[in-house]
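Hi,

Here is the structure I promised to pass on. Have a look at it first, and then read my notes below.

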Amino acid sequence: MGSGGIAPYGLTDFHPDEGATERVVLANASHRCVPADSSRFGRTAAHRVCALDGFPTLITDTPFPAELHTALSRAGTGVITA
């Protein structure tokens with residue numbers, strides 16, 4: 001599952017229908033993993049999908065800003081940098 005943006009308060013999307021679909025997927029998935037490349041960091045889209053504790057794993061391409069790192073740590077979200 002992708003995202004429009006990921007910020008310290010959560011995962012967001014630009015389209016309401018996609019955000020609603022992402023919430024259903026997260027609620028019903030056996031393992032919730034969100035890929036987000038560095039262009040998504042600190043980016044805010046209009047529709048909130050979930051808080052950072054709404055998924056256990058974030059997969060990304062580069063290290064991320066300190067503020068987001070702190071928020072992910074507090075949420076208990078693991079990070080895989082590929």
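**What I found**

Let's start with S1 and strand S2, the latter covering residues 10–13: the two run antiparallel and are joined over 3 bridges. If you want a spot to zoom in on, find Ile6, which sits opposite Leu11 in S2. Keep in mind as you click around that this is a predicted model.

Those two strands belong to an open sheet of 3 strands, in the order S1-S2-S4, with antiparallel pairing. Which strands are at the edges? They are strand S1 (5–7) and strand S4 (47–50), each of which pairs on one side only. The sheet isn't flat, either: on average, neighbouring strands are turned by 35 degrees against each other, ignoring direction. Helix H1, made of residues 16–28, packs on this sheet and touches S2 and S4. The direction of H1 makes about 10 degrees with that of S4.

Next, the cysteines. How many disulfides does a search of the whole structure find? The count is 0. Cys33 is in no disulfide, and its nearest cysteine sulfur, the one in Cys50, is 12 Å away. A disulfide needs the two sulfur atoms within 2.5 Å, so this pair doesn't qualify. As for their surroundings, Cys33 is partly exposed, with a relative accessible area of 25%, whereas Cys50 is buried, at 13%.

Cys33 also turns up in the contacts of Thr57. You'll find Thr57 in strand S5, which spans residues 57–60. Is Thr57 buried or exposed? Thr57 is buried, because its relative accessible area is 13% and the cut-off for buried is under 20%. Leaving out residues up to four places away in sequence, Thr57 touches His31, Arg32, Cys33, Val34, Thr77, Gly78 and Ile80.

Last stop: the aromatic rings. Searching the whole structure gives 1 aromatic pair. The partners are Phe41 and Phe64, arranged edge-to-face, with 5.7 Å from centre to centre and 75 degrees between the planes. Phe41 lies in the loop between strand S3 (33–35) and S4, while Phe64 lies in the loop between S5 and helix H2 (66–75), so the pair ties together parts that are 23 residues apart in sequence. Phe41 is buried, with a relative accessible area of 13%, and Phe64 counts as buried at 16%.

Cheers

Note on methods
Residues numbered from 1 in each chain as written. Predicted model: local features only at pLDDT ≥ 70, side-chain atom pairs only at ≥ 80, totals over all residues. Heavy atoms only, no water. Pairing = 2+ DSSP bridges. Helix = DSSP H or I, 4+ residues; strand = E, 2+ residues; numbered from the N terminus. Axes fitted to C-alpha atoms, helices over the stretch in contact; angles between N-to-C directions. Contact = heavy atoms within 4.5 Å. Buried < 20%, exposed > 50% of the residue type's maximum accessible area, 1.4 Å probe, protein only. Phe/Tyr/Trp six-rings, centres within 6.5 Å; stacked < 30°, edge-to-face > 60°.
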